[in-house]
Amino acid sequence: MPAIKPEMAVPARAPVVILFAETRGFTHMSEILEPAVVLARASEFFTLAQTAIDRHGGTVRNMLNDTLMASFSGERNAQHAVQAAQDIQREFTEIEDAWARDYGIRAAVAMGLHTGTAVVGTADAPLAGQPLIVGDSVSIAERLLHRARAGEF
């Protein structure tokens with residue numbers, strides 16, 4: 001799948017792997033810690049995930065609350081997505097340890113991955129130019145995220 005660019009006029013179906021990653025235990029943390037600390041910890045997680053995704057050729061598509069969505073395309077897209085998920089899982093242990101030590105909070109990362117086809121393109125008004133990926137691949141990956149237990153993908 002080519003990178004989604006605002007000037008893409010023609011939507012297309014393309015093979016894609018969708019990865020959702022979410023911190024578990026973060027919602028509780030966001031209710032008890034100072035707002036600046038909450039945002040710093042969320043940024044810490046998103047930076048870790050974005051770095052792993054970039055390293056394996058993926059693209060972060062959305063970040064909301066404590067959840068990140070990314071896509072992988074091209075040859076060996078599934079292998080690259082799994083490698084990114086493994087990196088996120090392995091590297092999150094440092095964050096997990098720090099949050100437990102500094103805040104007494106148990107946290108973990110859970111992920112959902114799915115490969116298939118999706119419609120890719122850009123949105124019309126009112127989100128003109130916003131990249132979109134729509135389809136069962138996205139929905140299934142999100143459902144798998146919600147089924148994953150802490151530490152699983």
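This section describes aromatic pairs, salt bridges, the surroundings of one acidic residue and a surface patch in a predicted model.

A pair of aromatic rings is described by the distance of the centres and the angle of the planes. Across the whole structure, the search returned 4 aromatic pairs. In one of them, the ring centres of Phe26 and Trp99 are separated by 5.9 Å and the ring planes meet at 40°; the pair is therefore classed as tilted, since angles under 30 degrees count as stacked and those over 60 as edge-to-face. This pair connects distant parts of the chain, as Phe26 belongs to helix H1 (residues 26–32) and Trp99 to helix H3 (residues 77–103), with the two positions 73 residues apart in sequence. Phe26 has a relative accessibility of 5% and is therefore buried. Trp99, at 1% relative accessibility, is likewise assigned to the buried class. A further tilted pair is formed by Phe45 and Phe46, whose ring centres lie 5.5 Å apart with an angle of 50° between the planes. Both Phe45 and Phe46 are buried. Through ring pairs, Phe26, Phe45, Phe46, Phe92 and Trp99 are joined into a cluster.

One member of this cluster, Phe45, is also among the residues touched by Glu22. Glu22 is located in strand E1 (residues 12–24). Its relative accessibility of 12% places Glu22 in the buried class, because that class comprises values under 20%. The side chain of Glu22 makes a polar contact of 2.8 Å with the side chain of Arg24. When residues up to four places away in sequence are not counted, the contacts of Glu22 comprise Phe45, Asp66, Thr67, Ala108, Val109, Ala110, Leu145 and His146.

Side chains of opposite charge can pair when their charged atoms come close. In the model, 7 salt bridges were identified. One of these joins Arg41 to Glu44, with 2.8 Å between the closest N and O atoms. Both residues, Arg41 and Glu44, lie in helix H2 (residues 35–55) and are 3 residues apart, about one turn of the helix. The two partners fall into separate accessibility classes: Arg41 is buried at 18%, whereas Glu44 is partly exposed with a relative accessible area of 28%.

Asp87 takes part in a salt bridge with Arg55, for which the N to O distance is 2.7 Å. Because Asp87 is in helix H3 and Arg55 in helix H2, this bridge ties together parts that are 32 residues apart in sequence. Asp87 is buried, with a relative accessible area of 8%, while Arg55 is partly exposed at 44%. Asp87 also forms a salt bridge with Arg90, in which the closest N and O atoms are 2.8 Å apart. In this case both Asp87 and Arg90 are in helix H3, with a spacing of 3 residues, about one turn of the helix. Arg90 has a relative accessible area of 49% and is partly exposed, as the exposed class requires a value over 50%. Together with Glu91, the residues Arg55, Asp87 and Arg90 are linked in a network of salt bridges.

At the surface, Val119, Leu132 and Val134 make up a nonpolar patch of about 210 Å². Within this patch, Leu132 is placed in strand E5 (residues 131–134). The relative accessible area of Leu132 is 35%, and the residue is accordingly partly exposed.

Notes
Residues numbered from 1 in each chain as written. Predicted model: local features only at pLDDT ≥ 70, side-chain atom pairs only at ≥ 80, totals over all residues. Heavy atoms only, no water. Phe/Tyr/Trp six-rings, centres within 6.5 Å; stacked < 30°, edge-to-face > 60°. Helix = DSSP H or I, 4+ residues; strand = E, 2+ residues; numbered from the N terminus. Buried < 20%, exposed > 50% of the residue type's maximum accessible area, 1.4 Å probe, protein only. Patch = residues over 30% accessible without salt bridge, like charges linked within 9 Å, V, L, I, M, F, W, Y side chains within 5 Å. Areas by Shrake-Rupley, 256 points an atom, 1.4 Å probe, with all protein chains shown as cover. Salt bridge = Lys/Arg side-chain N within 4 Å of Asp/Glu carboxyl O. Polar contact = N/O pair within 3.5 Å; in protein donor to acceptor, adjacent residues only side chain to side chain. Contact = heavy atoms within 4.5 Å.
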